[in-house]
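Me: I have a structure open on the bench computer. Please show me how to read its features, one at a time.

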Amino acid sequence: MLLSRFKIVGHSMEPTFNPGDVVLISSFPYILRNPMVGDLIVLKREKYIIKRIEKIKENKFFVVGDNKKESTDSRKFGWVSRNEIVGKIILKI
């Protein structure tokens, strides 16, 4: 997916993103480099979710929501693999 739009649902990324916000996602940045700590990403688990990379260890990623009280993230489901990352958020529109 070189470019795709996603609409924010839920409160896990507040205050960075609010429900109803729309963001553009691209897989292109990760063709040129690996995901990095601080990147805002979309990953595919049972559904698409948006999180921030907090830690990296041996090509595994620990991801969290900015609103930790409202976020289901790596604290619950563990580290995610590189192949679960769909792309990087490149723009809020």
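Reply: Start with one strand pair. β5 and strand β6 (residues 80-81) are antiparallel partners, joined over two bridges. Within it, F61 has V80 in β6 as its bridge partner. The model is predicted, so to speak of local features pLDDT must be at least 70, side-chain atom pairs count only at pLDDT 80 or more, and totals for chains, interfaces and linings use all residues. Residues are numbered from 1 along each chain as its sequence is written, and side-chain values use heavy atoms, with hydrogens and water left out.

Me: What makes two strands a pair, and what is a strand here?

Reply: Two strands pair if DSSP finds at least two bridges between them. Strands (E, at least two residues) and helices (H or I, at least four) are DSSP runs, numbered from the N terminus.

Me: Which strand pairs with β5 over five bridges?

Reply: Strand β4 (residues 48-57), in the antiparallel sense. One bridge sets K57 against K60 in β5. The two strands form a hairpin with two residues between them. E58, in the turn, has a positive phi of about 50°.

Me: Is β5 largely enclosed or open to the outside?

Reply: Strand β5 (residues 60-64) is largely enclosed by the rest of the structure, because four of its five residues are buried. Buried means under 20% relative accessible area, exposed means over 50%, and partly exposed lies in between (1.4 Å probe, protein chains only).

Me: How do I read side chains along a strand?

Reply: In a regular strand, side chains alternate between the two faces of the sheet.

Me: What is the strand order in the sheet?

Reply: The order is β1-β2-β7-β3-β4-β5-β6, in an open sheet of seven strands with antiparallel pairing. β1 and β6 are the edge strands, each pairing on one side only. Take one inner contact: strand β3 (residues 40-44) and β7 run antiparallel and share three bridges. There, L43 stands opposite I85 in β7.

Me: Now the charges. How many salt bridges does the structure hold?

Reply: The general idea comes before the count. Side chains of opposite charge can pair when their charged atoms come close. The cut-off: a side-chain nitrogen of Lys or Arg within 4 Å of a carboxyl oxygen of Asp or Glu. The structure holds seven such salt bridges. One of them joins D21 to K92, at 3.3 Å from N to O. D21 sits in the loop between β1 and β2 (22-26) and K92 in strand β7, so this pair ties together parts 71 residues apart in sequence. D21 is buried at 16% relative accessibility. K92 is partly exposed at 43%.

Me: Which residue does E84 meet in a salt bridge?

Reply: R45, at 3.0 Å from N to O. R45 lies in the loop between β3 and β4, and E84 in the loop between β6 and β7, so parts 39 residues apart in sequence are tied together. R45 is partly exposed at 30%, while E84 is buried at 18%. Elsewhere, R33, D39 and K88 are joined into one network by salt bridges that share partners. In that network, the closest N and O atoms of R33 and D39 are 3.3 Å apart.

Me: Which residues form the nonpolar patch on the surface?

Reply: L2, L3, F28, I31, L32, I90, L91 and I93, with about 840 Å² of accessible area together. α1 (29-32) and β7 (85-92) each supply at least two of them. L3 lies in the segment before β1 (4-7) and is exposed at 54%. Patch residues have over 30% relative accessible area and no salt bridge; like charges are joined within 9 Å, nonpolar side chains (Val, Leu, Ile, Met, Phe, Trp, Tyr) within 5 Å. Accessible areas come from the Shrake-Rupley method with a 1.4 Å probe; for residues, only the protein chains shown count as cover.
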